[in-house]
Structure formats: structure tokens, C-alpha cells
Amino acid sequence: MPAFPRRLRLVAALAAGLALATPLPAAACILPDNIEDLRAELLVHLNAERKAAGLKPLKISTKLQNAAQAHACDNADHRSISHDSSDGGTLKTRLRRAGYPYRTAAENTGRGFATPKRAVEWWMGSDKHRTNILLKKIKEVGIGIAWSDAPDNKLHWILDFGASR
């Protein structure tokens, strides 16, 4: 890809990966420079928790990843940890827009975790979030991470879990 600023590369990559009906995150979405490393580490921690519970590891789904990243950008833009998008969309709405034919779906949101390890530790300490991570029926995950602007400067994390039909 040509040497465009990171924000423009994000918009181009999301536009290529999302269905036409899916709204793109704001062009101002700020991704961590090491987003792929953060995603990989977070997946390792998630799968370690699943293994400890006798569950199969999760695999990355491109469609879930697109939905999660768009929602992370939306939450970062609004400094929110909401499960509802700023346009009123729900997890199910976002998954339909991303073309993910779910039969089971769940979502974890978070804000301010400095590391993937800390994010997973916090989610595992919360009954509802722990339940989502350890759902036997889920097979795939998408991980979205975005920075909110100054003066907030916090990472916003989204996990979209699913099993497709």
C-alpha cells in the first residue's frame, strides 16, 4: 500500500473489507501503531482462559473483526463503552451490516486498559464478561481497538464473539 498516513490507510482497509451497507467509522479513528501485536496478544490471553476451562480456542473472523473495529472507533469517538452504536445500532445490527450470519453472538467492551493482559484480567473478573469469553457455543472473535482523542487518550476495546450459521 502507498505511504499514506495511518488514518487514511485505516479508512481504505475498512472500506475494502466492509459490506457497502456498513457505515464506516469516522475518518478520525486513531489506531494504536501496534494494533496487530495488541490483537495477537489479546487472543493469546483469551484462548489461555478458554483452554483452562476446557474449551476450544477462538479464531479470528474478518467479518467480526470489521464490526468490532468500527464499533471501537465509534466508542472512542464518543468516549463511550456502550454496546449501542452512536447511530442506535446494536451488536446484532452491526453483525448483520458486516455480513456475519450469526447463530450465537456476544460482545465485551472496555476502556482504559493499558495492555491486553489487563483487559482480559478485568473481563474475567466480571461475571457477564467472563461468561461471554467462556461461552462454549462461540467459535470466532473480532477484536477492535482505538484511541480516543486528547485530553482523554484512552484505548477503547471491543470483542465481538460469534458462531456463524
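Let's start at a cysteine: Cys-73 is buried, with a relative accessible area of 3%. This is a predicted model, and in it Cys-73 forms a disulfide with Cys-29, the two sulfur atoms lying 2.0 Å apart. The link joins distant parts of the chain: Cys-29 sits in the loop between α1 (6-17) and α2 (35-52), while Cys-73 belongs to helix α3 (residues 62-78), 44 residues away. Cys-29 is buried too, at a relative accessible area of 6%. If you look along the S-S bond, you will find a torsion of -70°, which makes the link left-handed. The structure holds one disulfide, so there is no need to hunt for another.

From here, turn to the sheet. Four strands form an open sheet in the order β1-β3-β4-β2, with mixed pairing. The edges are taken by β1 (59-60) and β2, each of which has a single partner strand, so one side of each is left without a neighbour in the sheet. You might expect an edge strand to be open to the outside, so how many of the ten residues of β2 (residues 102-111) are buried? Seven of them are, so β2 is largely enclosed by the rest of the structure. Its pairing with β4 (residues 155-164) is antiparallel and runs over nine bridges. Two positions help you find the register: Thr-104 stands opposite Ala-163 in β4, and Arg-111 has His-156 of β4 as its bridge partner.

Two helices lie across this sheet. Helix α2 crosses β1, β3 and β4, and runs at about 135° to β3. Helix α5 lies across β2 and β4, at about 65° to β4.

Now for the nonpolar interior. In soluble globular proteins, nonpolar side chains tend to be buried together. The largest nonpolar core here has 31 residues, and the members that touch the most others are Leu-42, Trp-123, Val-141, Trp-157, Leu-159 and Phe-161. Helices α2, α3 and α5 (116-124) and strands β3 and β4 each supply at least two residues of this core. Apart from it lies another core, of seven residues, including Leu-64, Ala-67, Leu-91 and Ala-98.

Leu-42 is a good residue to click on. It is placed in helix α2 and is buried, with a relative accessible area of 0%. Which residues does Leu-42 contact, leaving aside its neighbours within four places in sequence? They are Pro-116, Ala-119, Val-120, Trp-123, Ile-143, Trp-157 and Leu-159. Pro-116 is 74 residues from Leu-42 in sequence, yet the two C-alpha atoms are 4.7 Å apart in space.

Phe-161 offers a second view of the interior. Setting aside neighbours within four places in sequence, its contacts include Leu-58, Leu-64, Ile-133, Ile-138 and Val-141. Polar or charged residues are among its contacts as well, such as Thr-104, Asn-108 and Glu-107.

That last residue, Glu-107, leads to the charged pairs. Side chains of opposite charge can pair when their charged atoms come close. The count here comes to six salt bridges. In one of them, Arg-94 meets Glu-107, with the closest N and O atoms 2.8 Å apart. Arg-94 lies in helix α4 and Glu-107 in strand β2, so the pair ties together parts that are 13 residues apart in sequence. Are these two partners buried or exposed? Arg-94 is buried at 6% relative accessible area, and Glu-107 is buried at 6% as well.

Another salt bridge stays inside a helix. Arg-39 and Glu-36 meet at 2.8 Å, N to O, and both lie in α2, three residues apart, about one turn of the helix. Arg-39 counts as buried, at 10% relative accessibility.

A longer-range pair is Asp-152 with Arg-79, at 4.0 Å, N to O. Asp-152 lies in the loop between β3 (140-147) and β4, and Arg-79 in the loop between α3 and α4 (91-97), so the pair ties together parts that are 73 residues apart in sequence. Asp-152 is buried at 18%, whereas Arg-79, at 36%, counts as partly exposed. Salt bridges that share partners join Arg-79, Arg-111 and Asp-152 into one network. Arg-111 will be familiar from the sheet, where it is the bridge partner of His-156 in β4.

Note on methods:
Residues are numbered from 1 along each chain as its sequence is written. This is a predicted model: local features need pLDDT of at least 70, side-chain atom pairs count only at pLDDT 80 or more; totals for chains, interfaces and linings use all residues. Side-chain values use heavy atoms; hydrogens and water are left out. A disulfide is a pair of cysteine sulfur atoms within 2.5 Å. Buried means under 20% relative accessible area, exposed over 50%, partly exposed in between (1.4 Å probe, protein chains only). Two strands pair if DSSP finds at least two bridges between them. A salt bridge is a side-chain nitrogen of Lys or Arg within 4 Å of a carboxyl oxygen of Asp or Glu. Contact means heavy atoms within 4.5 Å. A nonpolar core is a set of buried Ala, Val, Leu, Ile, Met, Phe, Trp, Tyr and Cys residues joined through side-chain atoms within 4.5 Å. Axes are lines fitted to C-alpha atoms, for helices over the stretch in contact, and angles run from 0 to 180 degrees between N-to-C directions.
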